[in-house]
Amino acid sequence: MTKLYGAIEAGGTKFVCAVGTGPQALEEIRFATTTPTETLQRAIEFFMPYRAELKSLGIASFGPIDLNTQSRSWGYITSTPKPGWGNINVAGAFSALAVPIAFDTDVNAAALGEGCWGAAQGLSDYLYITIGTGIGGGAVVGGRLLHGLIHPEMGHSFLPKLEHDGYKGRCPYHADRCFEGLASGPAIEERWQVSGVELPTDHPAWEMEAEYIAMALSGVTCTLSPQRIIVGGGVMGQPALINRVRDKLQGYLNGYIQHPAIIENMENYVVLPGLGNRAGILGALVLAKQAET
């Protein structure tokens with residue numbers, strides 16, 4: 001009998017459900033994230049035909065979430081700003097599958113995927129940061145995911161607001177004081193009154209966006225000293241943005257960190273995901289394989 005693993009990338013905008021063994025052997029579906037009842041039921045229905053072959057399930061979820069396996073609310077989404085999804089038992093919804101379940105943040109899972117098959121292969125210390133509808137970051141430290149008190153929330157690190165930026169901020173918790181509030185996809189659209197995909201390469205929005213991203217990356221570079229930073233998400237689809245971020249990050253660090261990776265080789269220090277938009281679902285597959293062992 002074929003050994004199959006289940007994977008879920010539970011995003012605030014869409015769910016991706018997949019069954020398979022690796023990047024080249026994966027069957028998946030994608031659908032919009034609506035109400036918890038409707039969305040989770042649709043995901044369960046996808047996996048039910050594979051129940052006899054399914055060995056384990058990995059869930060990579062938007063958050064914040066409870067990762068403490070000793071907690072009564074392990075597997076729950078907790079204080080999310082997404083309406084209707086606060087205090088929802090995501091992992092528990094799949095108990096009917098009767099398989100081991102691994103549960104982690106979507107960005108932590110994406111970091112695992114990039115380490116296994118993508119841009120972080122062979123590295124022990126690296127970050128994956130996604131900039132899209134929200135902003136989040138996952139960290140691998142010493143070859144293991146960093147959890148800590150709950151899990152990293154890099155998207156809500158505080159940033160100094162640029163003097164010429166009059167935008168009020170998007171974050172419901174921190175307004176214009178945090179990375180997500182200032183630089184997420186919805187923040188770009190609200191500030192400039194047009195979707196980011198419609199903004200030309202030379203629009204001043206991208207200079208401002210690069211400044212905020214570089215500020216945030218300078219903080220995590222100094223704090224965690226990663227060997228590489230992978231930056232993904234829909235906002236990074238703007239072709240000219242990655243080079244602007246690299247240049248500005250060198251400016252913010254200002255020669256303080258004397259390492260060739262930063263001084264001479266920035267194009268290999270801050271990189272786009274090797275797995276593209278598959279990092280999350282493939283990371284959930286890695287979680288599933290870890291849950292079996």
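In the predicted model, L112 is in contact with Y126, L145, V286, L287 and Q290, leaving aside its neighbours within four places in sequence. L112 belongs to helix 2. Its relative accessible area is 13%, under the 20% limit, and L112 therefore counts as buried. The C-alpha atom of L112 is separated by 8.9 Å from that of G138, a residue 26 residues apart from L112 along the chain.

Helix 2 (residues 106-117) packs against helix 8 (residues 279-292) at an angle of about 85°, and the two axes are 7 Å apart. Because this angle falls in the range from 65 to 115 degrees, helix 2 and helix 8 are roughly perpendicular to each other. On the side of helix 2, the contact is made by A109, A110, L112, G113, E114, C116 and W117. Helix 8 contributes A279, G280, L282, G283, A284, L285, V286, L287, K289 and Q290. By class, the residues of this contact between helix 2 and helix 8 comprise 11 nonpolar, four polar and two charged. Among the helix 8 residues in this contact, V286, L287 and Q290 are also listed as partners of L112 itself.

A second helix pair is formed by helix 5 (residues 204-224) and helix 6 (residues 241-253), whose axes come within 8 Å and cross at roughly 50°. An angle of this value lies outside the parallel, antiparallel and perpendicular ranges, so helix 5 and helix 6 are oblique to each other. The crossing of helix 5 with helix 6 is right-handed. From helix 5, the contact involves W206, E207, E209, A210, E211, I213, A214, M215, L217, S218, T221 and C222. From helix 6, L241, R244, V245, K248, L249, Y252 and L253 take part. The residues of the contact between helix 5 and helix 6 divide into 12 nonpolar, two polar and five charged.

The cysteines were also examined. A disulfide is a covalent bond between the sulfur atoms of two cysteines. A search of the whole structure returned zero disulfides. For C178, the closest cysteine sulfur is that of C171, at 3.9 Å; with a cut-off of 2.5 Å, this separation is too far for a bond. C178 has a relative accessible area of 0% and is therefore buried. C17 likewise counts as buried, because its relative accessibility is 0%.

Technical notes
Residues numbered from 1 in each chain as written. Predicted model: local features only at pLDDT ≥ 70, side-chain atom pairs only at ≥ 80, totals over all residues. Heavy atoms only, no water. Axes fitted to C-alpha atoms, helices over the stretch in contact; angles between N-to-C directions. Helix = DSSP H or I, 4+ residues; strand = E, 2+ residues; numbered from the N terminus. Parallel < 35°, antiparallel > 145°, perpendicular 65-115°, else oblique. Contact = heavy atoms within 4.5 Å. Nonpolar A, V, L, I, M, F, W, Y, C, P; charged D, E, K, R; others polar. Left-handed = near helix turned anticlockwise from the far one by under 90°. Buried < 20%, exposed > 50% of the residue type's maximum accessible area, 1.4 Å probe, protein only.
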